[in-house]
Amino acid sequence: MAKPQKRYVCQACGGVATRWQGQCADCGEWNSMIEEASNVTVFSAKHDLRTGGRAITLVGLDADIPLPKRWTTGIAEFDRALGGGLVPGSATLIGGDPGIGKSTLLLQASARMAMAGQPVAYISGEEAADQVRLRARRLGLGQAPVQLASATSVRDILTTLEKAPPSLLVIDSIQTMHSDLIEGAPGTVSQVRASAQELIRFAKERGTAVVLVGHVTKDGSIAGPRVLEHMVDTVLSFEGERSHQYRILRAAKNRFGGTDEIGVFAMAEAGLDEVANPSTLFLTDRGEEMSGATVFPAIEGTRPVLVEIQALIVRLQSGATPRRAVVGWDSGRLAMILAVLEARCGLSFSTAEVYLNISGGYRVSDPAADLAVAAALVSALAERPVPTDCIAFGEVALSGEVRSVAHANLRLKEAAKLGFAKAWGPKAKDGPPAGMRQESFASLGALVDHILGRR
């Protein structure tokens with residue numbers, strides 16, 4: 001009998017080494033290598049794999065296959081992020097910071113599906129069943145027929161559910177699950193992988209939609225082996241700042257739909273409320289004109305969201321080192337816009353501190369925000385307010401050119417719906433909607449001249 005070989009597995013990324021080392025060579029984490037016994041025996045295959053198996057059925061791309069059935073959760077924003085609802089037999093992994101509202105969202109979805117007549121099982125490995133029941137009562141869902149249990153053994157869970165598989169199975173969380181088929185404590189790479197594999201197999205065989213809650217690391221990525229994200233069908237990320245009211249549910253991977261949709265929620269006393277119009281959540285009261293503030297129509301999937309970009313310029317005495325602080329936007333992108341304003345437009349920010357903020361804690365990665373950021377910076381520098389009924393969008397090139405962006409007409413329609421009457425940016429193909437006037441700028445210098453009143 002071959003002697004089991006020792007190996008050391010990184011608990012952060014799943015990297016394997018034959019000897020212990022203080023730092024993982026794959027991900028760079030320190031003190032994450034844990035010894036695990038390998039039950040794999042090295043052998044050489046002596047059989048020809050081209051014979052002896054069973055023939056599989058090949059299907060053409062043009063085959064008439066019905067679309068997968070979906071179960072709605074009763075929460076429209078949750079279904080939007082999933083691509084239309086939960087697919088029977090699918091496995092979904094949802095991650096997010098501690099206390100962000102993952103368990104609350106899943107408990108609300110479980111309760112609504114159960115009240116709609118679907119059998120639902122909620123398994124918590126971190127809380128007792130009484131704790132989950134208390135939270136349900138606090139959310140006004142105490143009468144929902146959800147089957148609760150507190151367990152960590154995958155064998156016990158699957159044995160219990162084998163006779164009557166539920167439509168939805170929630171596992172909170174996968175890092176607390178334990179499989180007795182392999183050695184190791186719950187939360188290790190091998191245990192997370194094995195437990196998830198057994199639960200996914202149960203989902204595929206019994207047609208149960210399984211939702212796994214995953215812990216996250218300090219940098220926001222889902223903890224455990226990277227292969228866990230490859231095993232599941234959908235990966236959702238629940239984002240937001242606990243100090244802010246809003247929460248955003250994004251799909252990083254979806255085998256049954258697109259990854260360009262988001263669900264927006266607002267944390268309230270009775271749990272998470274859906275936000276049908278996110279623009280009203282991120283826009284402040286704009287009754288009074290203030291310098292350094294512009295409105296940018298961002299695009300999240302197929303949904304436009306209007307957010308306010310705020311800039312503050314503080315002049316310093318000569319010799320002091322100016323500071324650049326950004327919240328909600330890329331700091332490298334801000335440095336590029338400042339460089340273009342100095343090199344192409346003749347403005348100087350070298351002796352001033354620059355502060356940029358996206359209101360409401362929203363994070364913008366759309367390059368179309370370049371023009372809105374530049375307008376906010378120029379407005380703050382010159383102390384000339386941007387009109388409150390005006391939006392700005394457009395990508396700025398290093399040459400100072402303002403380039404067109406995707407979904408320009410969709411952005412304009414959303415702004416017109418909320419009462420904005422003016423738009424700064426590249427010219428839209430179909431023109432602005434009724435009641436809105438668009439001022440097109442071919443270069444950033446032309447926008448600077450307009451704000452400063454040079455023309």
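**Exercise 1. Threonine 208**

Decide whether threonine 208 is buried or exposed in this predicted model.

*Solution.* Start with the accessible area. Threonine 208 has a relative accessibility of 0%. The cut-off for buried is under 20%. Threonine 208 therefore counts as buried. Next, place the residue. Threonine 208 sits in the loop between α5 and β8 (209-214). Then list its contacts, leaving out residues up to four places away in sequence. Threonine 208 touches Gly89 and Ser90, the run Pro165, Pro166, Ser167, Leu168 and Leu169, and also Phe202 and Ala203. Finally, take a distance. Glycine 301 is 93 residues from threonine 208 along the chain, and their C-alpha atoms are separated by 28 Å.

**Exercise 2. Leucine 418**

Find which residues leucine 418 contacts beyond its sequence neighbours, and state its exposure.

*Solution.* Locate the residue first. Leucine 418 lies in the loop between α10 (408-417) and β20 (422-425). Its relative accessible area is 29%. Buried needs under 20% and exposed needs over 50%, so leucine 418 is classed as partly exposed. Now the contacts. Setting aside neighbours within four places in sequence, leucine 418 meets Asn277, Ser279, Leu283 and Leu306. Check the separation from leucine 306. The two leucines, 418 and 306, are 112 residues apart in sequence, but their C-alpha atoms are 9.3 Å apart in space.

**Exercise 3. Helix α4**

Determine how the buried residues of α4 are arranged around its axis, and what they pack against.

*Solution.* Collect the buried residues of helix α4 (residues 154-161). They are Val154, Ile157, Leu158 and Leu161. Look down the axis. These buried residues fall within an arc of 90 degrees, so they line one face of the helix. Turn to the other side of α4. Thr159 and Thr160 are exposed there. Last, identify the partners. The buried residues of α4 pack against β5 (120-124), β7 (168-172) and α5 (189-206).

**Exercise 4. Helix α8**

Test the length of α8 against expectation, then describe its buried side.

*Solution.* Helix α8 (residues 331-345) has 15 residues. At 1.5 Å a residue, the expected span is 21 Å. The end C-alpha atoms are 20 Å apart, which agrees. Now sort by burial. Leu334, Ile337, Leu338, Val340, Leu341 and Cys345 are buried in α8. Seen down the axis, the buried residues of α8 fall within an arc of 160 degrees, so they line one face. Ala343 and Arg344, on the other side of α8, are exposed. The cover over the buried residues includes β15 (324-327), β16 (352-358), α9 (370-382), β18 (395-396) and α11 (444-452).

**Exercise 5. Two helix pairs**

Work out how α8 packs with α11 and how α2 packs with α3.

*Solution.* Two packed helices are described by the angle between their axes and the distance between the axes. Take α8 and α11. Their angle is about 85 degrees, and the axes are 10 Å apart. That makes α8 roughly perpendicular to α11. Val340, Leu341 and Cys345 of α8 meet Leu444, Gly445 and Val448 of α11. By class, this contact has five nonpolar residues, one polar and no charged.

Now take helix α2 (residues 102-115) and helix α3 (residues 129-138). They pack at about 75 degrees, with axes 11 Å apart. Helix α2 is therefore roughly perpendicular to α3. The contact uses Ser103, Thr104 and Leu107 from α2, with Val132, Arg135 and Ala136 from α3. The contact of α2 with α3 has three nonpolar, two polar and one charged residues.

How values were computed: Residues are numbered from 1 along each chain as its sequence is written. This is a predicted model: local features need pLDDT of at least 70, side-chain atom pairs count only at pLDDT 80 or more; totals for chains, interfaces and linings use all residues. Side-chain values use heavy atoms; hydrogens and water are left out. Axes are lines fitted to C-alpha atoms, for helices over the stretch in contact, and angles run from 0 to 180 degrees between N-to-C directions. Helices (H or I, at least four residues) and strands (E, at least two) are DSSP runs, numbered from the N terminus. Angles under 35 degrees count as roughly parallel, over 145 as roughly antiparallel, 65 to 115 as roughly perpendicular and the rest as oblique. Contact means heavy atoms within 4.5 Å. Ala, Val, Leu, Ile, Met, Phe, Trp, Tyr, Cys and Pro count as nonpolar, Asp, Glu, Lys and Arg as charged, and the others, Gly among them, as polar. The expected span of a helix is 1.5 Å times one less than its number of residues. Buried means under 20% relative accessible area, exposed over 50%, partly exposed in between (1.4 Å probe, protein chains only). The arc is that of the directions from the helix axis to the C-beta atoms.
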